[in-house]
Structure formats: structure tokens, C-alpha cells
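Colleague: Before I plan any bench work, I would like a close look at a single part of this assembly, namely how its parts meet one another. Please take me through it in one connected account.

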Amino acid sequence: MKLLLIEDEKALATSIQTYFQRENFICEWAADYRTAVEKINIYRYDCVLVDLMLPDGDGLNAVRELKRSYPETGIIIISAKNSLDDRVTGLNLGSDDYLTKPFHLSELNARVQAVIRRRNFQGSQQIRFGKIQIDPQEHLVQVEQQEIVLTRKEYDLLVYLIANKNRVLTKESIAEHLWGDDADLMDNFDFIYTHIKNLRKKLMDKGCPDYLKSIYGVGYKFSEQ
Amino acid sequence: MKLLERIFRYQLRASLGVLALGAVLFYVSVNHLVDQEVNRDLVRSQAKVSWQLRHLGVLPVYILQLGDSLQIEPVEYAGRIRAVERNMLNKSTNEYQPWRQLIFYEQVEGQMYQVTISKLLSQRQELMKAVVMTVTFIVALLLISLLVMNSRLSRRLWKPFYKTLHALDSYALEKHEVLTFPKQQIIEFQQLNQSVTQFTDRLAATYQNLKEFTENASHEIQTPLAVILSKIEGLFQDESLKESQLVALSEISEAANRLAKLNQALLLLTKIENRQFLAGTEPINLVPVINRKLRDLEDLIEQREITVKTEIEPTGPVMHPALAEVLVNNLLTNAIRYNVACGTIDITLAPGRLVVRNTGTPINIDPELLFERFRKEGTHSASLGLGLALAKTICQVNGQTLTYKTDGPWHTLTVDW
């Protein structure tokens with residue numbers, strides 16, 4: 001998978017690059033509008049991450065350019081602006097998602113994977129992890145051909161954990177993924193624990209090994225080891 | 001009161017005063033002239049009567065016709081000659097009429113007589129009538145001409161003023177408008193228009209600066225925060241970290257997350273206060289907004305075993321849909337956050353009013369104080385203390401009122417529009 005990151009903040013760009021490299025993605029970086037347009041015109045990308053405020057131009061123009069030349073490329077806007085107008089303009093221009101800074105890298109990762117999966121029309125859209133198989137269109141979860149019935153939150157949680165497999169996920173990032181802006185309603189994170197416990201139980205009941213490791217004081221890690 | 005009305009009142013008062021004074025002066029002077037004439041008449045009659053009495057002893061018939069009546073009575077002593085005025089009954093018309101009398105004394109053949117010559121002052125009544133009528137007529141004429149003139153003035157002369165006023169009335173800062181007007185001949189209006197133009201020009205510039213500042217502040221603060229958070233997340237993946245270091249990192253992460261949320265909430269608040277959200281154009285149906293929010297929050301509600309009762313009908317105020325969303329969100333999350341376990345939330349939506357009522361712990365302070373920024377009752381560390389301030393601001397910019405009442409365990413937030 002090949003990504004292009006259009007972002008003028010170097011420190012943030014390196015973090016994002018490192019994160020996606022661990023995922024075995026090729027993540028190229030353009031620090032300004034000019035470089036971005038050059039790269040867009042030369043190479044093909046599966047997904048492009050665009051910051052709207054660039055030193056030499058408006059990221060929205062890059063979105064327009066991309067949409068015209070390569071409509072099949074996935075686009076995610078990452079912006080410090082969360083003014084509704086920009087959000088609506090961005091999505092109207094055909095960007096697939098809009099993420100407001102600051103965001104969790106794990107959240108960005110989950111969204112990038114979702115966008116690529118949705119745009120991968122020819123290939124399989126199935127999510128596989130160990131014994132788990134998920135059909136995202138049907139919201140169907142199976143372990144060794146046996147269906148598991150999950151609640152909406154449990155399903156979201158499972159997809160999120162798989163998207164960020166082998167990584168430490170903080171409780172805040174999970175809470176924010178599941179409840180968005182309402183995450184701060186949780187006075188403690190016992191709440192996530194309830195969902196984690198239920199999900200783990202349902203998976204293990206169908207014969208899954210315990211993929212979910214809890215990391216003291218931090219959060220959780222979903223991995224096969 | 002309209003300025004013209006006010007001016008008209010003063011004009012009215014002044015002209016009535018002047019006219020009244022004029023009428024009095026007119027009356028006094030004419031009266032004086034008439035009086036003099038009557039007095040002269042009486043004195044002339046006196047001379048004639050005295051001469052007749054002294055020389056003839058018998059009064060001829062014509063003498064009796066001097067004045068309007070003549071009375072002669074014998075008296076013991078002579079008094080002083082005097083002129084009096086008195087009202088006397090006219091028997092034929094049965095009404096009192098003013099008379100002027102000249103009383104003098106005359107000795108005829110050793111006998112003292114008191115002679116009274118009376119004269120009816122009918123002219124004075126006539127005069128009074130004439131004065132009242134003239135003055136009334138002048139007043140009426142004056143008032144009519146003033147009214148006509150004022151209405152013409154207000155229509156023609158004041159037209160530019162009303163134009164300016166109307167332009168100011170419909171002035172919307174969010175549109176970054178600068179009001180300009182055609183040149184006026186009247187200096188005052190020209191000055192007013194110039195001032196308004198300069199004022200709105202400055203206002204638009206300042207507003208633009210403020211808006212840019214807010215946007216830039218957002219960008220400038222969010223980006224370093226994004227860097228901090230991304231670096232923390234990168235560090236979490238480092239397997240060589242010790243548990244104690246991970247815990248510390250986790251605390252840093254929590255604080256940075258909180259800072260990011262706080263920044264976002266403050267920015268939203270500033271944006272609403274700066275009215276960067278345009279007003280809505282049509283009424284919003286709040287029912288789907290409420291239902292969606294309740295569905296989002298359902299597991300929180302279940303976990304706390306809160307009972308939600310809704311009594312909602314499809315209605316809502318005119319406002320920006322995004323703001324309606326934020327308002328409903330803040331009211332509902334507030335009702336959940338400060339609820340007690342196994343508590344209740346009542347949501348009532350009726351035309352012109354949305355009421356969210358929840359059980360909670362009784363508070364000792366004035367509930368209206370909870371609308372202040374960063375004001376929290378109790379120790380809900382997860383709360384930013386901006387939720388109700390945000391709700392209040394949204395209501396203010398949309399012309400709604402938000403009130404907070406407590407009654408024992410019941411907390412009631414009401415939005416009226």
C-alpha cells in the first residue's frame with residue numbers, strides 16, 4: 001500500500017510516517033503544496049492524507065486536483081480547522097474522511113484502512129486476523145465459520161483493535177473511537193473494560209485464543225502472540 | 001416618542017403659551033379702552049345731572065335717559081364720589097349682567113341726594129367672545145399648519161435619516177459589510193452617514209482580525225498538540241519501556257488529550273460568541289437530533305441504569321443545525337453526567353420549549369452560576385466545565401433563553417424560544 005502525506009509540520013509527519021511504516025505501508029511525505037502536486041501527478045497512491053493549511057496553498061485545491069486526475073485514490077483530510085464549512089466543503093469535493101487535529105495515530109490508521117478497504121473493489125474486503133474473519137459490509141463476524149453476535153460497540157471495538165493489531169492502544173484512543181466527543185463523559189475507563197471483557201468472552205467462547213492483552217496503566221494490545 | 005412628535009409638542013406648548021399671553025394682552029388693552037370710554041360717558045352724564053339738579057329742581061325726561069338707568073335717593077350725609085362695578089339681575093332675561101355705576105352726591109335745597117348712574121357693560125361680553133373666537137381660530141390654524149409641515153418634513157427632510165437607520169438595523173457583522181450612503185445635502189446627515197461608514201469599516205476590519213486570530217490560534221495550538229500526541233503514541237510502541245515509564249507516559253497522554261479537548265471547546269465557544277455560525281433559516285426538528293443522541297448515549301444510560309422518559313413532538317427553534325446538535329448534546333450529556341445511579345431523565349419537547357429534567361445531587365449554590373465557564377459543582381474530573389457555558393452561549397446568539405432550576409434532587413434546564 002502506498003500513501004502520500006501532505007503535511008507541513010515535520011515532527012507530526014515523521015510520527016505518521018513511522019507509524020505507517022510499521023504497518024508495512026510506503027508513506028511518502030510532501031511538505032508543501034507544490035511538492036504535493038508534483039508527486040500526485042507522477043505517482044499513484046492508494047490513499048492521500050491532506051492537511052488543509054499549507055504554506056504555499058490550500059489543501060482543498062490538492063483534493064480537487066486528485067479528484068480530477070485519479071478519482072479512485074482515497075482521500076483523508078487532516079486539519080486543525082474543524083469549522084463546519086471546511087468539513088462540508090472537503091467532503092463535498094469527494095474526500096472520504098475528515099479528521100480534526102489533534103488525533104490519535106491509531107484512529108488515523110483505522111480510517112486509512114477503512115478507506116482503502118472500501119476502495120478496493122476488485123480484491124477482497126474481508127478483514128482477517130488469526131481465527132477471526134469479518135465481512136465489513138455485512139457486519140458479520142465469524143470464528144472458524146461460526147458466527148458471533150456482537151453489539152454495535154463491540155463490533156466497532158473489534159475492527160479498531162484489528163486495524164491496530166500488535167500496537168499498544170491507550171484507553172483514551174479506544175474511548176474516543178467508540179464514543180467520539182462523548183468520550184469525556186466517562187469519569188473513568190471502567191466502561192471500556194466492560195466492553196473489552198464482553199468481547200473477549202464472546203471470542204473465547206467460540207474457541208479463539210486470548211488475543212487481547214491488557215497493559216497495566218496504559219491500555220490494551222491485540223496480537224497473536 | 002418620535003423626535004418630530006417631541007418637537008411638535010414643544011411647538012404646541014410654545015405657541016399655546018404665546019397665544020394665551022397675546023389673548024390676555026389683547027383683552028386687557030381693549031378692555032381698558034372700553035372702560036375709559038364708559039367712564040368718560042358716565043362723567044359726562046354726571047355733569048349733566050348735577051347741573052339739572054342744581055338749576056332746575058325738576059329733572060327733565062331726557063336726563064333720565066342718561067346712562068342706562070338713573071337713581072336718585074335722599075340721604076343724610078354726603079359720601080365720596082366713587083365708581084363701582086357690580087352684577088345685577090336683569091329681570092326680563094333673568095340673568096346677571098355687569099354694570100358700571102358712578103355714585104355721587106348732590107345737595108338740592110338743603111336736602112342731600114345720592115345719585116347713581118348705571119351703564120350696562122354689554123360690550124365687554126362681546127369683546128370676550130370675539131377674543132376667544134379669534135384666538136381659537138388662530139390656534140387651530142397654527143396647529144393644522146404645524147401638523148402638515150411636520151408630516152412633510154418627516155417624509156422628505158428626514159428620509160435620509162430613516163434610510164441610515166434602516167441600514168443600521170439590518171446590519172449583520174458576520175457578513176463583513178461596510179455601509180455606504182449617497183451624498184447628502186444636509187450637513188448633519190452627511191456627518192452621520194460618514195460616521196456610520198467609518199464605524200462599520202472599522203468594525204468589519206476588527207471582526208475579520210478576530211476571526212482570523214481565532215482560526216490561526218486553532219491551527220497554531222492544535223498542530224503542536226497533534227505533534228505531542230503522536231510522539232506519545234509512538235513511544236507507547238517502544239517495548240523497551242519499563243512499566244513505571246509507561247504509566248507516566250499514560251498520564252502525560254491523558255493530560256495532553258484533555259488539553260486538546262479544552263482547546264477545541266474554547267474555540268467552539270469563541271466561534272459561537274463571534275457569531276461565526278450563521279443563523280439558521282428554518283425551524284429545526286429536534287426530534288431526530290434527540291433520538292440520535294439518546295442512541296449514541298444508550299450504553300452510558302444503561303450502565304448507570306438511568307430511566308429516560310421522553311414526551312417529544314416534532315418541533316424546534318430556528319437555528320443552525322450544527323448548533324442545535326451541540327445544544328442537545330450538551331444538555332443530554334449534562335443530564336447523564338450529573339445524574340445519580342438508577343436516576344431519571346425527563347425530556348419534554350413542545351412548541352416553544354425544550355425541557356431536560358434529571359435527578360442529581362442537590363446543590364447549594366445558585367444554579368445559574370453553573371453557566372459560568374469552568375464552574376463545576378463537585379469533583380467530576382472528566383468534565384471540562386464548559387458544557388453549560390456553551391449551551392448558554394448558543395441560546396444567547398439564537399435569541400433563546402436557557403434557565404436552570406433546582407428543586408431538591410431535580411435539576412431542570414429549560415430552553416425557551
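Modeller: What follows goes through chain B, beginning with its domains and ending with its interface with chain A. Please keep in mind throughout that this is a predicted model.

The domain assignment divides chain B into three parts: domain 1 covers residues 3–146, domain 2 covers 162–276 and domain 3 covers 286–416. Turning to the second and third of these, the C-alpha centres of domain 2 of chain B and domain 3 of chain B are 26 Å apart, and their contact draws on 10 residues from domain 2 of chain B and 15 residues from domain 3 of chain B. Since you may want a figure for its extent, I add that the size of an interface is often expressed as the accessible area lost when the parts come together. Between domain 2 and domain 3 of chain B that buried area is about 1100 Å², with carbon and sulfur atoms giving 74% of it. On the domain 2 side, B:Arg258, B:Leu269 and B:Ile272 lose the most area to domain 3 of chain B, and together they account for 49% of what that side buries. As for polar links, zero salt bridges are counted between domain 2 and domain 3 of chain B, and the count of residue pairs in polar contact, with both residues at pLDDT 80 or more, is likewise zero.

The interface between the two chains can be described in the same terms. Here 42 residues of chain A are in contact with 44 residues of chain B, and the two chains bury about 3800 Å² between them, with 54% of that on carbon and sulfur atoms. Two salt bridges are found across the interface of chain A and chain B, and one salt bridge joins the side chains of A:Glu176 and B:Lys261, at 3.4 Å from N to O. There are also 15 residue pairs in polar contact between chain A and chain B, counting pairs with both residues at pLDDT 80 or more. On the side of chain A that touches chain B, the elements giving two or more residues include α1 (10–22), α5 (105–119) and α7 (171–179) of chain A, and the largest share, six residues, comes from α1(A).

Finally, a feature of the surface of chain B deserves mention. B:Phe137, B:Ile138 and B:Leu141 form a nonpolar patch there, with about 310 Å² of accessible area together, and B:Leu141 belongs to helix α3 of chain B, which spans residues 122–157.

Terms used:
Residues numbered from 1 in each chain as written. Chains lettered and ligands numbered in written order. Predicted model: local features only at pLDDT ≥ 70, side-chain atom pairs only at ≥ 80, totals over all residues. Heavy atoms only, no water. Patch = residues over 30% accessible without salt bridge, like charges linked within 9 Å, V, L, I, M, F, W, Y side chains within 5 Å. Areas by Shrake-Rupley, 256 points an atom, 1.4 Å probe, with all protein chains shown as cover. Salt bridge = Lys/Arg side-chain N within 4 Å of Asp/Glu carboxyl O. Helix = DSSP H or I, 4+ residues; strand = E, 2+ residues; numbered from the N terminus. Domains from an automatic or database assignment. Contact = heavy atoms within 4.5 Å. Buried area = accessible area lost by both parts, 1.4 Å probe. Polar contact = N/O pair within 3.5 Å; in protein donor to acceptor, adjacent residues only side chain to side chain.
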